[in-house]
Amino acid sequence: SRREAFIRNPNAYKYKIVDTLKKQGKEVFKIHFKTKKEKLSGYVYVMDSSYAIVKAEFKHTILINHSL
């Protein structure tokens, strides 16, 4: 499905670890991601011990051409 595209096609995205948080006593990486074309961006939260995705936030930008 499209929502897992950032995992299946990692070369289409830029990633950066921006923070390390604690959740229920475990380390969680907050990772910013965006497409190279910058239409989709957000954060994914990954547990360090299991690499499980515990949360995801994203936004999709639609570019509109206003040429008349």
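**Exercise 1.** In which strand is the place of K14? Describe the surroundings of K14 in this predicted model.

*Solution.*
Step 1. K14 belongs to strand β1, which covers residues 13-23.
Step 2. The relative accessibility of K14 is 45%. Partly exposed residues lie between the limits of 20% and 50%, so K14 is assigned to that class.
Step 3. Once neighbours within four places in sequence are set aside, the contacts of K14 are H32, F33, K34 and K36.
Step 4. For one of these residues, K36, the separation from K14 is 22 residues in sequence, while the C-alpha to C-alpha distance is 6.5 Å.

**Exercise 2.** Determine whether T35 is buried or exposed, and identify the residues that T35 meets.

*Solution.*
Step 1. T35 is found in strand β2.
Step 2. The relative accessible area of T35 is 14%. Buried means under 20%, and T35 is therefore buried.
Step 3. A polar contact requires a pair of N or O atoms within 3.5 Å. From T35, the side chain reaches the backbone nitrogen of K39 at 3.0 Å.
Step 4. Apart from neighbours within four places in sequence, T35 touches A12, Y13 and L40. Two of these contacts, Y13 and L40, also appear in the largest nonpolar core, which is the subject of the next exercise.

**Exercise 3.** Which residues make up the largest nonpolar core, and which strands each supply at least two of them?

*Solution.*
Step 1. The core has six residues in all: Y13, I31, F33, L40, V44 and V46.
Step 2. At least two core residues come from each of β2 (26-35) and β3 (40-47).
Step 3. With three residues, β3 gives the largest share.
Step 4. As a general background, nonpolar side chains in soluble globular proteins tend to be buried together.

**Exercise 4.** Characterise the protein as a whole: what is the order of its elements, and what percentage of its residues is buried?

*Solution.*
Step 1. The protein contains one helix and four strands. Read from the N terminus, the order of these elements is α-β-β-β-β.
Step 2. Of the 68 residues in the protein, 19% are buried.
Step 3. The accessible surface amounts to about 5,800 Å², and carbon and sulfur atoms account for 53% of this area.
Step 4. Consider the contacts between residues at least 6 apart in sequence: 11% of them join residues at least 24 apart.

How values were computed: Residues are numbered from 1 along each chain as its sequence is written. This is a predicted model: local features need pLDDT of at least 70, side-chain atom pairs count only at pLDDT 80 or more; totals for chains, interfaces and linings use all residues. Side-chain values use heavy atoms; hydrogens and water are left out. A nonpolar core is a set of buried Ala, Val, Leu, Ile, Met, Phe, Trp, Tyr and Cys residues joined through side-chain atoms within 4.5 Å. Buried means under 20% relative accessible area, exposed over 50%, partly exposed in between (1.4 Å probe, protein chains only). Contact means heavy atoms within 4.5 Å. Accessible areas come from the Shrake-Rupley method with a 1.4 Å probe; for residues, only the protein chains shown count as cover. A polar contact is a pair of N or O atoms within 3.5 Å; within protein, one must be able to donate a hydrogen and the other to accept it, and residues adjacent in sequence count only if both atoms are side-chain atoms.
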